Structures are given as C-alpha cells and as structure tokens.
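Student: Could you take me through the largest pocket of this model, and then show how it sits in the chain as a whole?

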Amino acid sequence: MSQITARVSDELVEALDVAAGRLKRSRADIIRQALESYLEDYDDLKVALERLQDPADPVLDWDEVRHELFGSD
C-alpha cells in the first residue's frame with residue numbers, strides 16, 4: 001500500500017478528528033473511505049456526461065413521453 005501526504009486546513013483536520021472519534025476509526029480510515037467515495041462519484045459523473053454527449057442516444061420529447069404514459073394531456 002502506498003502512502004501520500006497532503007496539506008489541509010486546521011479546520012478540516014479538526015472536523016476529521018471529530019468524525020474519526022465519533023466513528024471510532026482512524027484518520028487514515030476516514031480519508032481512505034472519503035477518497036473512495038469521491039472517486040466512485042467522479043466515475044459515475046464521468047459516465048453520465050459521456051452518455052449525455054452520445055449523439056446516438058435519442059433525445060426524448062417530454063410531451064410525447066407524457067402522452068405515451070398517460071394517454072392524454
């Protein structure tokens with residue numbers, strides 16, 4: 001496992017210590033879990049943006065979809 005170093009504000013360290021204390025986990029555990037969560041969200045956002053930019057993906061008209069779902073306006 002690799003080790004990294006980062007500079008963060010004193011306020012962030014205090015919040016980290018509070019969270020670690022309440023969760024009964026180490027600073028490293030909290031940071032590792034936060035990074036994993038952030039990177040998962042980043043990957044999800046990247047996929048969503050790729051799908052939005054896909055010219056082969058059809059654009060749906062809301063009025064047509066509503067009519068198909070509910071029959072009439």
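Tutor: Happy to; here is the pocket, followed by its setting. This is a predicted model, in which local features need pLDDT of at least 70, side-chain atom pairs count only at pLDDT 80 or more, and totals for chains, interfaces and linings use all residues. Residues are numbered from 1 along each chain as its sequence is written, and side-chain values use heavy atoms, without hydrogens or water.

The largest pocket has a volume of about 720 Å³. (A pocket is an open set of points on a 1 Å grid over the protein atoms alone, where a 1.4 Å probe fits, with protein on both sides within 12 Å along at least five of seven lines; lining residues have an atom within 4 Å of a point. The volume is the space filled by probe spheres set on the points, which are joined across faces, edges and corners.)

Its lining is made up of 17 residues, with Arg27, Ala28, Ile31, Arg32 and Leu35 nearest the centre. Two or more lining residues come from each of α1 (10-23) and α2 (27-52), and α2 supplies the largest share, seven residues. (Helices are DSSP runs of H or I, at least four residues, and strands are runs of E, at least two, numbered from the N terminus.)

As for the setting, the chain has three helices and zero strands. Its C-alpha trace spans about 55 × 25 × 20 Å along the principal axes. Of the 73 residues, 4% count as buried, meaning under 20% relative accessible area with a 1.4 Å probe, protein chains only.

Conventions: Buried < 20%, exposed > 50% of the residue type's maximum accessible area, 1.4 Å probe, protein only.
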